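Colleague: Could you take me on a close look at one part of this model? I would like to hear how its pieces are held together by their side chains.

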Amino acid sequence: MKNQADNEWTLAIEGMTCASCAGRVEKALSKVSGVVTAEVNLAMETAKVKGSASEVTVDKLVESVVAAGYQAHALNSENAEADYISETKYHAYSWWPIALSTLLSLPLMMAMIAEWLFGQGWIAWQGQLSGWLQWALATPVQFWLGARFYKAGWSALKAGTGNMDLLVALGTSAAYGLSVYLLLSPSHAGAHHLYFESSTIVITLVLLGKWLESRAKAQTTEAIRALNALRPDKASVIQNGQERQVAIASVKVGDVVVIRPGERIAVDGRITQGESQVDESLITGESLPVAKKNGDMVTGGAVNGEGLLYVTTTAIGAESVLARIVRLVESAQAKKAPIQRLVDKVSAVFVPVVIVIALLTLLAWGLLGGDWQVAILNAVAVLVIACPCALGLATPTAIMVGTGVAAKHGILIKDAEALELAHAVKTVAFDKTGTLTEGHPKLVALESAVGDEANLLVLAASLQFGSEHPLAKAVKDAAQAKALSLLPSHNVQVIAGKGITGVVDGQKLYLGNTRMMEELRVNLSKFKARAATLEAEGHSVSWFAQASSMPNFAPKLVGLLAFGDSIKATSADAIAGLEQQGIKTVLISGDNQGSASNVARQLGISEFYAQVLPDEKAKMVAKLKLNGGLVAMVGDGLNDAPALAAADVGIAMSSGTDVAMHTSGITLMRGDPALVAQAIEISQHTYHKIRQNLFWAFVYNAVGIPLAAFGLLSPVVAGAAMALSSFSVVSNALLLKLWRPKADQK
């Protein structure tokens, strides 16, 4: 049994050319002792490995890849993976071998074209182009410019498997070998029906196809390159009262950074002086600048508007929002979608099956037809047409482009499975506070059982002094507005989904919802009618109780607090948009019945559940899943985490807690529920592209191989089709970059 993963490594893999290559590297890495999971991405040419830090080392991982016939090195530094993806790997295929191969093949190509156009004119041309000249032109193409196919093919053979390079090497070598045999054979001394053009043109076309493919693949990582470009190299920091330019890596948490008008914000931090409009479009997808003032948070990578800002650094390096976004996008692009597993299974047996088909083609044409020249050429065509590159690139390229486009619109997809599944979502369950409402409630009513409302407010604010809960913030804001002095608190304990308890000024206090009070057996009759009125108005009610001085006596009620929270401006349109798509919407809230009912009624949500505890939210999601169809859960708080994990697709608001974002597969960079429909839209478009790519990749091989086997496809045409197939698959995926949300198309 393998150990639990407690570390992760990213490797750059060199030499992979098709889906079977990726499968072989993945298999080799998985066999390393201590490795729990290994995922290889052909499009990015990287591998993500998780395993036990006590057993797995980078050297062991690299050794396993080398033993499988490939090269690898670790990407260790914070930006190494992004830099590798963005730049290094896409220079692997230079243009000059293609140009040289074309020049050497051109005379041979002219002979082939003459045959197509003039029939017997082909023989006349070849009569002028001696066999030995043809050999001289073809040999450097075959063994110098085409050497990469022999090297990679030999490595595959040593590993006991096959790949695209092996197919190309076998096919072109057969055509080249047949031509040499005919050239040297005395019985063919007067004939010039040589096939050097087949081997040279196939190699030229394959090299061209890989070059086009690499250029197209470079565009799939545009999102990561754009995000990396947001990182400034330097920052203006106040040191000893003087402003100094320092490298961004030298900035520390707590440093004050000066951001001038028009500059890109260098760090995550809090504004300590100044006001401005900040353009966060490349981070959140929000097209309009956002007003920022003293005390507001700003994100590194955003562009400052017209004001001078002084920002105290709160996060640097890997902990910055921008770095986390880059990691999320990289993670999504490196992950495998569930449909890719089918492709991996097919690819594992594809090359051996193709070689068997080529052998059968050779024997059938040679033994039954009696013409071994034709037999060899048809077998060559089978080997060349069957390149599985398109199959291996069909899914990952679509995932890469889809996640990149989504990121530009403020939708971060960290899990390829979430991207694939979201297209089929039939039910979307929403949390209320902070998701459909602003999440910034205000204290709208305060009732004291003893008449001293100021003292009640002091006790409530003191009890919640260290809490970040929205209702706690509302209480503290109310106390601050009245300039009340808070008291020290201790033994404070948060009871998830119910409330908070602690000791303030020597008094054991309880502040929470009705469920908490009922469990404590608190008599609520004094404010029962008032609470019902407030809840009917859509307000959330919290009860305040004090422990009795008498043992075994229930706490006594000392007050009631009511909170109001406004519905987000885009919530109604978001719900309506989902309903128009035939997607059912449900509200699941921990709030009271009246508040949940009021929000559901205003937004047109027919099904809602109130006073639901965190673990009960997860059970509610499971129940919705039983009703049929995939379920997405949208939330922002710590209490939403279990439900986000239980849903088929978890969607978190970035304005919420880190726990919610870590639990979900999709994070919305703006607290806008309209992005939920957009996330489903981009999933639908991406899945559509995946299906298109896989259809054409399978059909291409299903049609091409029989045509080649029956002699209806020449090696040259097969080479051209194979070279263009991968390029067409990647280009089709790139069409996703044209996607725009339906709301923007109106």
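Modeller: Happy to; what follows is a walk through the salt bridges around one stretch of the chain, with the elements they touch. Please keep in mind that this is a predicted model.

Let's begin with a hairpin. Strand 17 (residues 489-495) and strand 18 (residues 499-504) run antiparallel and are joined by 5 bridges. Within this pairing, Gln 493 sits opposite Thr 501 of strand 18. There are 3 residues between the two strands, and Gly 497 in the turn has a positive phi of about 75 degrees.

The loop of this hairpin also takes part in a salt bridge. Lys 498 pairs with Glu 519, and their closest N and O atoms are 3.0 Å apart. Because Glu 519 belongs to helix 19 (residues 514-519) while Lys 498 is in the loop between strand 17 and strand 18, this pair ties together parts that are 21 residues apart in sequence. Glu 519 has a relative accessibility of 49%, so it counts as partly exposed; the cut-off for exposed is over 50%.

Helix 19 leads us on to another contact. Arg 515 forms a salt bridge with Glu 616, with 3.6 Å between the closest N and O atoms. Glu 616 lies in helix 23 (residues 614-626) and Arg 515 in helix 19, so here the parts tied together are 101 residues apart in sequence. Both partners are partly exposed: Glu 616 has a relative accessible area of 26%, and Arg 515 has one of 27%.

Now to helix 20, which brings in a further salt bridge. Glu 447 and Arg 530 are partners, their closest N and O atoms being 3.1 Å apart. Since Glu 447 is in strand 16 (residues 442-448) and Arg 530 in helix 20, the pair ties together parts that are 83 residues apart in sequence. Glu 447 counts as partly exposed at 22% relative accessibility, and Arg 530 counts as partly exposed at 33%.

Helix 20 (528-536) also has a packing role to look at, this time with helix 22. In helix 22 (residues 593-603), the buried residues are Gly 594, Ser 595, Ala 596, Asn 598, Val 599, Ala 600 and Leu 603. An α-helix has 3.6 residues a turn, so residues three or four places apart point the same way. The buried residues of helix 22 pack against helix 20, and also against strand 20 (540-546), helix 21 (571-580), strand 22 (584-588) and strand 23 (607-609). Just after helix 22 comes Gly 604, with a positive phi of about 80 degrees.

If you want to set these contacts in the wider model, the count of salt bridges comes to 12. Elsewhere, Glu 8, Lys 48 and Lys 50 are linked in a salt-bridge network.

To recap the part you asked about: helix 19 is tied to the loop between strand 17 and strand 18 through Glu 519 and Lys 498, and to helix 23 through Arg 515 and Glu 616. Helix 20 is tied to strand 16 through Arg 530 and Glu 447, and the buried residues of helix 22 pack against helix 20.

Methods: Residues are numbered from 1 along each chain as its sequence is written. This is a predicted model: local features need pLDDT of at least 70, side-chain atom pairs count only at pLDDT 80 or more; totals for chains, interfaces and linings use all residues. Side-chain values use heavy atoms; hydrogens and water are left out. Buried means under 20% relative accessible area, exposed over 50%, partly exposed in between (1.4 Å probe, protein chains only). Helices (H or I, at least four residues) and strands (E, at least two) are DSSP runs, numbered from the N terminus. Contact means heavy atoms within 4.5 Å. Two strands pair if DSSP finds at least two bridges between them. A salt bridge is a side-chain nitrogen of Lys or Arg within 4 Å of a carboxyl oxygen of Asp or Glu.
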